[in-house]
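Student: I should like to understand how the terms used for a protein model are justified. May we go through them one at a time?

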Amino acid sequence: MAIRRGRGVAAINYPTGMNLGGDPTQALVHSTPTGNFMVTLSSVDLGQGMKQIMAQICAETIGVPTDRVVVDTADTDTGPHCMGTFASRGTHRAGNAVIQAAREARQVMLEVAAEELEVNASDLETDGQGNILVKGAPQKSISIFDVALSAHFKRGRSISGRGMFLIPRSYPEKETGAMKPSTCYAHACTVAEVEVDDETGEVTVLTVKNVFEIGRALNPKMVEQQLVGGSWMGISHALYETTEPYYPNRDHGGTDFNQYLMPGPGDLAETEIIVLERPSADGPYGAKGPGEMCANPQIPAVANAVFDAVGVRIDTLPITPERILRALKAQAAN
Amino acid sequence: MELRKNYFADVRKDDLHEIGQPRPRSDSPGHVTGKTAFFADRSFPGMLHLKMVRSPHHHARIRSIDTSQAEKHPGVVKVLTAKDVPHNVYTILILIQIGPEDETVLADGKVRWKGEAVVAVLAETERAAQEAAAKVKVDYEVLPAVFDMEEALKPGAPLVNEYHGQNYYLYDSGECRKVRFGDVEAGFAGADHILEQSYQSSPIEHAPTETTGCVVAPEGNDRFTCYTNTQAMFFTLDNTSIILQMPGSKLHFVGGTVGGGFGGKVDVIVEPIAILGAKLTGRPVCFVYSREEEMQISSPRAAEKVVIKDGVMKDGRIVARKVTGYTDAGAYSRHSPYGAQKGAGHYPGPYTIPNVWIDTYCVYTNRTPSSAMRGFGVTIGDFALEVQMDKLARLIGMDPLEFRFVNAYRDGDMKAHRQPTEGAALIECMQEASRAANWPVAEKYMAMSSYRKGA
């Protein structure tokens with residue numbers, strides 16, 4: 001009887017957005033009298049930080065710092081339609097809608113600035129700090145604060161924009177299954193290292209090294225929080241979780257967190273996250289949806305590592321000590 | 001976390017101001033100081049609490065329901081049964097034209113899973129609602145139930161759901177969603193090795209910090225404001241409008257900050273009945289799942305069975321792959337026909353295989369309806385595919401990582417569902433994993449690229 005070590009690898013891809021398309025999202029953007037910007041959505045922030053990302057996307061597109069953007073979301077009386085937050089779609093779909101709305105608002109903002117500066121709007125650029133400058137003559141400039149005041153009280157212009165993003169629905173061909181499930185895919189490769197106690201069947205995940213390709217890390221800190229959390233969830237799925245431990249038998253289902261097991265702080269694997277960025281053609285600033293896929297590759301990587309450690313295949317999830325011990329027993333009997 | 005900017009630098013402009021910056025989240029301080037408002041932070045004078053009477057049986061006919069004792073219980077204001085729900089038989093994907101309507105808000109004549117909602121009790125306190133719910137008498141005639149997908153698909157199995165008429169979802173393509181590419185039998189015939197393996201998962205729970213729920217307030221103008229943690233505002237509003245036969249203009253949904261979803265809050269379960277309760281009593285209503293309800297009543301991730309048969313050559317090329325996937329929907333569709341179909345679009349994984357055959361089934365059994373969850377239609381498929389890849393590599397004596405390079409998809413490769421591959425990056429992920437994990441592979445694999453000339 002011994003503690004045995006093994007490692008396993010898995011590589012995966014994952015579609016962004018609702019499968020087969022047909023999932024629209026809209027956004028509205030307008031400026032306040034003093035040149036702050038309001039993004040109005042009905043999208044839901046599930047705790048992943050959607051509001052922050054929409055603010056950064058709007059700020060980048062308008063050309064102002066992020067702290068001048070406020071996101072108002074998830075009120076059906078004010079926000080235009082969004083299909084919802086699921087299917088790794090929030091950033092991709094709503095982000096594209098925000099870009100379109102922000103571009104329209106930016107155009108009006110530049111037109112008002114052009115009137116104030118007596119130049120062509122096409123000769124203007126933003127400095128990202130809240131000012132609009134004449135290209136090649138940056139000493140000739142106006143603040144967005146003053147442009148918004150002028151638009152509101154002098155020139156009667158609404159600095160606002162409408163955004164809509166829709167990937168048309170694809171219908172699978174009945175006989176061949178020809179279809180377009182998604183327009184862009186995120187990727188991952190995970191290597192997991194485990195120790196298996198062949199006396200108790202217990203698995204300890206020592207390290208997980210995750211490489212994720214996500215199009216563009218719009219906010220690297222928030223990408224990290226989502227990917228680390230996903231990696232933990234994948235390990236939990238592989239080794240611990242089920243509402244029906246003896247599926248298809250319906251008995252013994254957990255009803256609280258004492259019975260429904262998950263790895264606690266003492267069970268955390270040493271987690272490494274590496275991010276690659278191949279911008280997607282239709283993503284907001286190239287972003288893809290990594291929200292779901294980041295919890296997938298750990299499951300087969302751990303399963304393969306268990307085999308590498310003790311030479312038995314557990315092809316049923318979760319990979320519990322009981323299943324490992326039964327497999328070891330069967331192996332010894334052969 | 002490390003950003004490896006050396007990959008794909010030729011197709012990426014890194015000249016942005018706000019994007020790519022690790023700005024602190026504006027909502028974090030509220031979350032960590034307890035100042036963020038969630039739906040359950042709303043409380044209104046006179047607010048009622050809703051509790052469900054649930055089926056103790058997996059499958060049973062309802063002979064009669066007697067609510068008289070419950071109605072007399074102190075604090076009880078209203079007791080609702082199926083006849084109170086204007087459009088009681090519904091299905092949520094009807095909004096994207098995926099029917100038939102196959103589920104009841106409150107059971108009508110039959111229950112099809114243990115835990116199914118039968119009677120709703122509205123009372124002044126949670127305790128009164130719970131106590132009164134225990135006094136509802138339901139007379140059941142227990143029926144044979146089926147829990148195993150293979151058993152459910154056999155002729156003569158108990159019929160789970162009459163609205164379907166058989167124990168699987170009927171797609172326009174028949175009993176399953178199909179993908180056919182190349183000639184899979186010819187591929188097997190020419191292969192050096194054949195490996196057929198079966199994989200199985202069990203249902204799992206989303207386990208959000210905040211359980212599913214809503215608080216409804218009737219407004220003075222004949223409208224209802226529903227504070228909810230749904231993941232999809234208009235999807236829930238529009239389905240509620242259908243179930244209650246109430247114009248959408250009467251409904252105002254407020255949400256936006258949710259304590260975790262993971263796909264578990266898109267089923268439209270709590271809002272319609274809570275709004276109905278508010279309408280019929282004229283009082284605010286709170287309906288929040290207990291942790292037990294969240295774990296055993298709210299939809300889990302489906303159990304899946306995946307059978308993969310591969311033909312592989314000694315040099316590592318997979319020449320044929322046949323996948324049969326089964327998704328255990330439980331008693332009702334919810335999002336499962338979509339999930340099973342999504343699997344058909346995902347197989348055979350990120351590999352270029354010339355001959356592919358895929359069948360994915362959505363199967364009905366007498367268990368808690370499953371539905372969407374993070375990785376919907378893909379997570380279990382990836383478990384099966386990637387364990388199968390490991391087995392194939394060992395079968396032909398190749399390094400498992402190198403084996404994946406041989407088969408990895410690249411730009412321009414035709415997928416089984418007849419879309420050319422775009423924006424591939426699997427090879428680069430594996431190259432970086434090889435370095436990070438000190439898992440060396442042959443130089444020719446480190447020199448590969450997802451790009452193809454002309455693609």
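Tutor: This is a predicted model, in which local features need pLDDT of at least 70 and side-chain atom pairs count only at pLDDT 80 or more, while totals for chains, interfaces and linings use all residues. Residues are numbered from 1 along each chain as its sequence is written, and chains are lettered from A and ligands numbered from 1 in the order in which they are written.

Student: What makes up chain B in terms of helices and strands?

Tutor: Chain B has 13 helices and 18 strands. These are DSSP runs numbered from the N terminus: helices are H or I with at least four residues, strands are E with at least two. Along the principal axes, the C-alpha atoms of chain B fill a box of roughly 80 × 60 × 35 Å.

Student: Why is Ser88(A) called buried or exposed?

Tutor: A residue is buried if 20 or more other C-beta atoms lie within 10 Å of its own, exposed if 12 or fewer, and partly exposed in between, with C-beta atoms placed from the backbone. Ser88(A) has 25 C-beta neighbours inside 10 Å and therefore counts as buried. Ser88(A) belongs to the loop between strand 4 (69-72) and helix 2 (90-117) of chain A.

Student: How do you know whether His252(A) is buried or exposed?

Tutor: His252(A) has 12 C-beta neighbours inside 10 Å, so it counts as exposed. The loop between helix 4 (220-239) and strand 11 (270-276) of chain A holds this residue.

Student: What makes the backbone of Ser88(A) notable, and what that of His252(A)?

Tutor: Most residues other than glycine have a negative phi, and most peptide bonds are trans. Ser88(A), not a glycine, has a positive phi of about 55°; for His252(A), also not a glycine, phi is positive at about 70°.

Student: Which residues does a cis peptide bond join in chain A, and which in chain B?

Tutor: In chain A the bond joins Leu317(A) and Pro318(A), with omega about -5°. Pro318(A) is placed in the loop between helix 5 (298-310) and helix 6 (321-333) of chain A. In chain B the bond joins Gly99(B) and Pro100(B), with omega about 0°, and Pro100(B) is found in the loop between strand 5 (89-90) and strand 6 (103-104) of chain B.

Student: Why is helix 7 of chain B said to be largely enclosed?

Tutor: Nine of its twelve residues are buried, so helix 7 of chain B is largely enclosed by the rest of the structure. Among the buried residues are Val270(B), Glu271(B) and Pro272(B).

Student: How do you know that the length of helix 7 of chain B agrees with expectation?

Tutor: The expected span is 1.5 Å times one less than the number of residues. For the twelve residues of helix 7 (residues 270-281) of chain B this gives 16 Å; the end C-alpha atoms are 17 Å apart, which agrees. Gly282(B), with a positive phi near 70°, follows helix 7 of chain B.

Student: What angle do helix 10 and helix 11 of chain B make, and what is that arrangement called?

Tutor: Helix 10 (residues 379-395) and helix 11 (residues 400-407) of chain B pack at about 105°, with their axes 9 Å apart. Axes are lines fitted to C-alpha atoms, for helices over the stretch in contact, and angles run from 0 to 180 degrees between N-to-C directions. Angles under 35 degrees count as roughly parallel, over 145 as roughly antiparallel, 65 to 115 as roughly perpendicular and the rest as oblique. Helix 10 and helix 11 of chain B are therefore roughly perpendicular to each other.

Student: Which strands form the open sheet of seven strands in chain B?

Tutor: Its order is 4-8-2-15-12-13-14 (chain B), with mixed pairing. Two strands pair if DSSP finds at least two bridges between them. Strand 4 (76-80) and strand 14 (251-254) of chain B are the edge strands, since each pairs on one side only.

Student: How do you know that strand 12 and strand 15 of chain B pair?

Tutor: Strand 12 (residues 213-218) and strand 15 (residues 285-288) of chain B are joined by four bridges in the antiparallel sense. Gly213(B) stands opposite Val288(B) in strand 15 of chain B.
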